[in-house]
Amino acid sequence: MLLLTALILGVAAWSDLATRMIPDRCSVALLVVGIAERLSLGPIAVATSLGSALLLGLVFLFLHARGMIGGGDVKLIIALAVGTAPLALWDLIFAIVMAGGVLSLLYFVLYRIAPRPALRPHAPLPVRVFIVETNRIARRGPLPYA
């Protein structure tokens, strides 16, 4: 389950980086995997995880309403929280905050040194994504938080 979760998160992160959109299928897949994982511990484990994910979702919806985080990120966090034990949610939040901090520092440094290369339409996809992201950093675009 952990490998599958990591794979789904990798797809979500790549999509967010490339398009600033997180496919709904990633959130749905995480939700299904999370429910299956918690169901292996019993129906009470599922119920407590759903309840704590709902509470966490309300907090992140508040942040989204204030423009502090994207809607796709909120869906992804809620779906990930469903597969997380309620007592481990603090670890999940800490990991999200730390990853966001590292990403922010990286983008801050890259903003100072990043060139603005011209887009090459026939370049391989990773090269095109790199060029678009470099230009996005140079103009202080939003972070791909997924």
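A pocket, as the word is used here, is an open set of grid points with protein on both sides within 12 Å along at least five of seven lines. Keep that idea in mind as we walk through this structure, which is a predicted model.

## A pocket to start with

The second largest pocket holds about 220 Å³ of space. Its lining is made up of 13 residues, and those closest to its centre are Leu2, Thr5, Leu80, Gly83 and Thr84. Helices α1, α2 and α4 are the elements that each give two or more residues to this lining. As for how such spaces are found, rolling a probe the size of a water molecule over the atoms shows where empty space is left.

## Helix α1 and its two sides

Let us turn to α1, which covers residues 2-19. Its 18 residues should span 26 Å at 1.5 Å a residue, and the end C-alpha atoms are 25 Å apart, so the two values agree. Which residues of α1 are buried? They are Thr5, Ile8, Ala12, Ser15 and Asp16. Seen down the helix axis, these buried residues fall within an arc of 100°, so they line one face of α1. A general rule helps here: an α-helix has 3.6 residues a turn, so residues three or four places apart point the same way. On the other side of α1, Leu2, Leu3 and Leu7 are exposed. The cover over the buried residues of α1 includes α2 (24-39) and α4 (71-82).

## Helix α3 and two positive phi angles

Helix α3 runs over residues 43-65. It has 23 residues and reaches 32 Å from its first C-alpha to its last, close to the 33 Å expected at 1.5 Å a residue. Buried in α3 are Ala45, Val46, Ser49, Ser52, Ala53, Leu56, Gly57 and Phe60. These buried residues pack against α2, α4 and α5 (89-113).

A backbone detail follows each of these two helices. Arg20 comes just after α1 and lies in the loop between α1 and α2. Gly67 comes just after α3. Their phi angles are set out below.

| Residue | Place | Phi |
|---|---|---|
| Arg20 | just after α1 | about 60° |
| Gly67 | just after α3 | about 75° |

Most residues other than glycine have a negative phi. Arg20 has a positive value in a residue other than glycine.

## One salt bridge

How many salt bridges does a search of the whole structure find? The search finds one. Asp24 forms a salt bridge with Lys75, and their closest N and O atoms are 2.3 Å apart. The pair links distant parts of the chain, with Asp24 in helix α2 and Lys75 in helix α4, 51 residues apart. Asp24 has a relative accessibility of 47%, so it counts as partly exposed. Lys75 counts as partly exposed too, because its relative accessibility is 36%.

## Pro144, after the helices

Our last stop is Pro144, in the segment after α6 (125-138). Is Pro144 buried or exposed? Its relative accessibility is 11%, so Pro144 counts as buried, given that buried means under 20%. Leaving aside neighbours within four places in sequence, Pro144 is in contact with Asp16, Leu17, Arg20, Leu103, Tyr107 and Glu133. Two of these names are familiar by now: Asp16 is among the buried residues of α1, and Arg20 has the positive phi just after that helix. Ala118, for its part, is 26 residues from Pro144 in sequence and 21 Å from it in space, C-alpha to C-alpha.

Note on methods
Residues are numbered from 1 along each chain as its sequence is written. This is a predicted model: local features need pLDDT of at least 70, side-chain atom pairs count only at pLDDT 80 or more; totals for chains, interfaces and linings use all residues. Side-chain values use heavy atoms; hydrogens and water are left out. Helices (H or I, at least four residues) and strands (E, at least two) are DSSP runs, numbered from the N terminus. Buried means under 20% relative accessible area, exposed over 50%, partly exposed in between (1.4 Å probe, protein chains only). Contact means heavy atoms within 4.5 Å. The expected span of a helix is 1.5 Å times one less than its number of residues. The arc is that of the directions from the helix axis to the C-beta atoms. A salt bridge is a side-chain nitrogen of Lys or Arg within 4 Å of a carboxyl oxygen of Asp or Glu. On a 1 Å grid over the protein atoms alone, a cavity is a set of points where a 1.4 Å probe fits but cannot get out, and a pocket is an open set with protein on both sides within 12 Å along at least five of seven lines; lining residues have an atom within 4 Å of a point. Grid points are joined across faces, edges and corners, and a volume is the space filled by probe spheres set on the points.
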